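Here are a few exercises to work through with the model open. Try each task before you read its solution.

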Amino acid sequence: MGSRASTLLREEEIEEIKKETGFSHSQITRLYSRFTSLDKGENGTLSREDFQRIPELAINPLGDRIINAFFPEGEDQVNFRGFMRTLAHFRPIEDNEKSKNAAVSEPLNSRTNKLLFAFQLYDLDRDDKISRDELLQVLRMMVGVNISDEQLGSIADRTIQEADTNGDNSISFNEFIKVLEKVDVEQKMSIRFLH
Amino acid sequence: MEGVAVWFFQLWMFVVLFLIMLPAMFGLSLGVTGVYIQGLVHILEWATLRIQREREQQSGVPDPLPNGIIERGGGSMQEGVGRLRGDGPSTGGLFSLSDALFFYQTGLESIVDDTVTQRFSSEELNSWNLLTRTNQNFRYISLRLTLFWGVGVFVRYGLLLPFRVTLAVIGLSWLVIGTVLVGLLPESSVKNWLSELVHLTCYRVCARGLSATILYHNKENRPQKGGICVANHTTPIDIVILANDGCYAMVGQVHGGLMGVLQRSMSRSCPHVWFERSEMKDRHTVTNRLRAHVAARTKLPILIFPEGTCVNNTSVMMFKKGSFEIGGTIYPVAIKYDARFGDAFWNSSKYNMVSYVLRMMTSWAIVVNVWYLPPMERQEEEDAAQFANRVKSAIAQQGGLLDLDWDGGLKRGKVKDSFREEQQKQYSSIITATDQ
């Protein structure tokens, strides 16, 4: 017991995470508290089971895809840095950031990076294209058993048809951006912290 | 040296016997605990102010937030998806690539902060109550505060703990001896009266053993014979709290060891309902036995905790409908602990019974409000599950607790697949709604 949350996370680490992700000091401390409360094994990393223990995530139709996004290729554990890096995609874009100099590499929560995150959740094999099969797989996850294969297939075809501009029967990242250009991604893919 | 020790012991026993046991038998109080609580409140308020003042100077130490750490999107799936679509391309109301964003958003929100998993660990306090165990985010603030904490440790472990342990031992042994003696008597109203006296005294002594201050509200709604009392469950001490004001028939599994001894001796003086582990699995056996107990209108009201597990007293979780199928009148009771004086929640995955009791006995005190709600009966049109929900809402409202539909069993088990299928069904109906 005792003040686990603040003593195990050193100041230098907090500074590094702040620089990498842009979260504030208090947000990082709170998220660390959350991370440790999810970490039932108390070994400093989260496994897929730790995520699935969250009931609201377990009932989310795309829950497995979201959990997957936290784990780098082929790994089964994610540490706090990796956890924060993924969460950083959902940090709201503040006004004063928009005017930052272009020399700084694009922050993790820029519009493009948010869209890239969403794109990668569709693009299961990471070949930079959303094929008809991949789209069907995600659709199937979202609707369960309630829609027939043919109907789902026609929905997928229609979606690809409308998005595809270069005729390769799949959706590339640029085509994806174009389709969602009117969606307020900055707002809709952000988690607003209460201070 | 020996003479002093003997004298000390005699004084100790005198204090315990006359100042605790006798008043306990008659339900009186000498007011010592009341004064103690008042003093504590003052000290804790002072501590809170000091901490807040220091906080304003030291930046970067976040206050615990009572309502969660993020702003939730809110709204139903329909609204969420619609909002995303409204800005995007219109594909005739069918699927749109932006739909998935809704699920990602809600998924990430639940990873950062969800309403369920926090119920299975102790509540985070707004300010420190000078107990190390609740110190989650409070760093060293000032010398005076640390001094108070040190004094507190000495008082709690050195003075209060031995005192309380003595009381607990006396209380429990009195229960065993008393019930055995009463059990020897033939069945009569005198026996029942004596049995009640023994039980009440034991529980009152135990309550004093925890420095428990219990405030009962609406005593006119107290459970009657032949009824079923349901309450929200936070800790095994709930039983002591409720039994201080009335006698109940306990329901539970037969245990071995000390618990088993207590169970058997309690059964000698008045009927309780203890089940073998094998019987617990068969719902019909359980329901029938309880029904028989209730039908004999002369028996004590049954005490049941329908959540089935301990939750952390910030919310009420799903009530299992089994208790509501028995029939009879339900007497709901809401129990709310004041977390400033000690964390009563039993986190059974973290602490076993013995360490839990030790923690309880080294807290400042246990201050609890008990509200007796008016009796409820199942209406014609509702089934057991709906009735259970109605009772749950009433208890949640009275106790100022959050009313959740999630199953307390999620503490240990996984959520059922049917809930995910519900979500999928909901989404499918959205994208097929405008199908030609």
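**Exercise 1. Work out how well strand E8 of chain B is covered, and which way its side chains point.**

Start with the count: eight of the eight residues in E8(B) are buried, so the strand is mostly covered (buried is under 20% relative accessible area, exposed over 50%, partly exposed in between, with a 1.4 Å probe and protein chains only). Strands (E, at least two residues) and helices (H or I, at least four) are DSSP runs numbered from the N terminus.

Now split the strand by direction. B:Ile330, B:Pro332, B:Ala334 and B:Lys336 point one way, B:Tyr331, B:Val333, B:Ile335 and B:Tyr337 the other way, and all are buried.

Before going on, a word on the ground rules: this is a predicted model, where local features need pLDDT of at least 70 and side-chain atom pairs count only at pLDDT 80 or more, while totals for chains, interfaces and linings use all residues. Residues are numbered from 1 along each chain as its sequence is written, chains are lettered from A and ligands numbered from 1 in the order written, and side-chain values use heavy atoms, with hydrogens and water left out.

**Exercise 2. Find the pairing partners of E8(B), then step across to E3(B).**

Two strands pair if DSSP finds at least two bridges between them.

- Take E9 (residues 366–372) of chain B: E8(B), residues 330–337, pairs with E9(B) in the antiparallel sense over five bridges. Here B:Val333 stands opposite B:Tyr372.
- Then take E3(B): this strand and E8(B) are parallel, with four bridges. B:Ile228 has B:Ile330 as its bridge partner in E8(B), and B:Val230 stands opposite B:Pro332.
- Step on to E6 (residues 302–304) of chain B, which runs parallel to E3(B) and is joined to it by three bridges. B:Ile228 turns up again, with B:Ile302 as its bridge partner in E6(B).
- Finish with the faces of E3(B), residues 228–231: B:Ile228 and B:Val230 on one side, B:Cys229 and B:Ala231 on the other, are all buried.

**Exercise 3. Place a UniProt annotation on the chain.**

An unreviewed UniProt entry lists "domain: Phospholipid/glycerol acyltransferase" at residues 227–338 of chain B. UniProt positions follow the numbering used here, feature names are shortened, and annotations may be inferred rather than shown by experiment. Over that range the chain is 34% helix and 22% strand, and the end C-alpha atoms lie 28 Å apart.

**Exercise 4. Is B:Asn347 buried or exposed, and what does it touch?**

First locate B:Asn347: the residue sits in the loop between E8 and helix H11 (353–361) of chain B. Next, its relative accessible area is 7%, so B:Asn347 counts as buried. Then look for contacts (heavy atoms within 4.5 Å). Leaving aside neighbours within four places in sequence, B:Asn347 is in contact with B:Phe120 and B:Ser121. Its side chain reaches the backbone oxygen of B:Phe120 at 3.5 Å.

**Exercise 5. Decide where to trust the coordinates of chain B.**

Use pLDDT, the predictor's confidence in each residue, from 0 to 100. The chain B mean is 79, with 86% of residues at 70 or more. Among the elements of chain B, E8(B) has the highest mean (92) and helix H3 (residues 77–87) the lowest (70). Over residues 87–92 of chain B the pLDDT is below 50, and this stretch has ten contacts beyond near neighbours in sequence in the model. Where pLDDT is low, the predicted coordinates should not be read in detail.

Conventions:
A polar contact is a pair of N or O atoms within 3.5 Å; within protein, one must be able to donate a hydrogen and the other to accept it, and residues adjacent in sequence count only if both atoms are side-chain atoms.
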